[in-house]
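Reader: I would like to learn how to read the aromatic and nonpolar packing of a protein model. Could we go through it feature by feature?

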Amino acid sequence: MAIKVKAIIGSTSSTSHNAKLVAYMRSRYADKLDIIPVFINDVDTFSIDIENTPTENVNRFKADVKDSDAVLFAVPEYNYSIPGALKNAIDWLSRGGDFTIKDKPAFIVGSSIGVHGSVRAQMHLRQILSNPALSPILLPGNEVYVGSVHEKMNDAGEITDHGTIEFLDLVVNNFIEFYHKTISSVAVAN
């Protein structure tokens, strides 16, 4: 049975390379992972004024992410960090006391047209996710930085670079193994 993975698309762009990367992964690994994109475009701006009475868009977003076995973060890099819309969505995930992603197995991918492929954004994201109100269990040592993605993806959104494909295959297989070990460990702890 495929692992149900909610993929939070960290960009609001209609031409997002990260959304295309997730779509490619969804197709390629469909027999192993049921990857379902979660878009953040309609998530209202976090404010303490509405924290206890979030909008329907926020409630829907949080429920969508919570209804998963695991989480995939697809993160672009804007000005050496994560996009503001992604930070906003994560702020909502940390609020309300429901621990939406706490102890969920998770992994991160990122792509950009720059050569570093969102490395700095992913470092910031890992730091943000260490918040005790978030605390997913992140796959260690399998950072996916797809740099110069526009040269590695065709117009149909398919990865064409064999090295990138082989690395994604390795990371996905590592994540599946990590997922099963993590779920067993969390079940024993509880």
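Reader: Which residues does phenylalanine 107 touch, not counting residues up to four places away in sequence?

Author: This is a predicted model, and in it phenylalanine 107 touches Met25, Leu33, Val71, Leu72, Phe73, Leu138, Leu139, Val171 and Phe175, with residues up to four places away in sequence left out of the list.

Reader: How is the contact between two rings, such as phenylalanine 107 and phenylalanine 175, to be described?

Author: A pair of aromatic rings is described by the distance of the centres and the angle of the planes. The structure holds 4 aromatic pairs; in the one formed by phenylalanine 107 and phenylalanine 175, the centres are 4.2 Å apart and the planes make an angle of 25°, and the pair is stacked. Because phenylalanine 107 belongs to strand β4 (residues 105-111) and phenylalanine 175 to helix α5 (residues 162-189), the pair ties together parts that are 68 residues apart in sequence. Both phenylalanine 107 and phenylalanine 175 are buried.

Reader: What is the geometry of the pair that phenylalanine 175 forms with phenylalanine 178?

Author: That pair is tilted, with 6.2 Å from centre to centre and 45° between the planes. An α-helix has 3.6 residues a turn, so residues three or four places apart point the same way. Here phenylalanine 175 and phenylalanine 178 both lie in helix α5, 3 residues apart, which is about one turn of the helix, and phenylalanine 178 is buried, as is phenylalanine 175. Ring pairs also join Phe107, Phe175, Phe178 and Tyr179 into a cluster.

Reader: Which residues touch the most other members of the largest nonpolar core?

Author: This core has 30 residues, and those that touch the most other members are Leu21, Met25, Leu33, Leu72 and Phe107. At least two of its residues come from each of β1, α1 (17-28), β2 (33-39), β3, β4, β6 (144-146) and α5, and α5 gives the most, with 8 residues. There is also a second, separate core of 23 residues, which includes Val43, Phe61, Val65 and Leu134.

Reader: What do the buried residues of helix α3 pack against?

Author: The buried residues of helix α3 (residues 84-93) are Leu86, Asn88, Ala89, Ile90, Trp92 and Leu93, and they pack against β1 (3-9), α2 (56-66), β3 (70-74) and α4 (119-129).

Reader: Where does arginine 120 lie with respect to tyrosine 80?

Author: Arginine 120 lies over the face of tyrosine 80, at 3.8 Å from the ring centre.

Key:
Residues are numbered from 1 along each chain as its sequence is written. This is a predicted model: local features need pLDDT of at least 70, side-chain atom pairs count only at pLDDT 80 or more; totals for chains, interfaces and linings use all residues. Side-chain values use heavy atoms; hydrogens and water are left out. Rings of Phe, Tyr and Trp (its six-membered ring) pair if their centres lie within 6.5 Å; planes under 30 degrees apart count as stacked, over 60 as edge-to-face and the rest as tilted. Helices (H or I, at least four residues) and strands (E, at least two) are DSSP runs, numbered from the N terminus. Buried means under 20% relative accessible area, exposed over 50%, partly exposed in between (1.4 Å probe, protein chains only). A charge sits over a ring if NZ of Lys or CZ of Arg is within 6 Å of the ring centre and within 35 degrees of the ring normal. Contact means heavy atoms within 4.5 Å. A nonpolar core is a set of buried Ala, Val, Leu, Ile, Met, Phe, Trp, Tyr and Cys residues joined through side-chain atoms within 4.5 Å.
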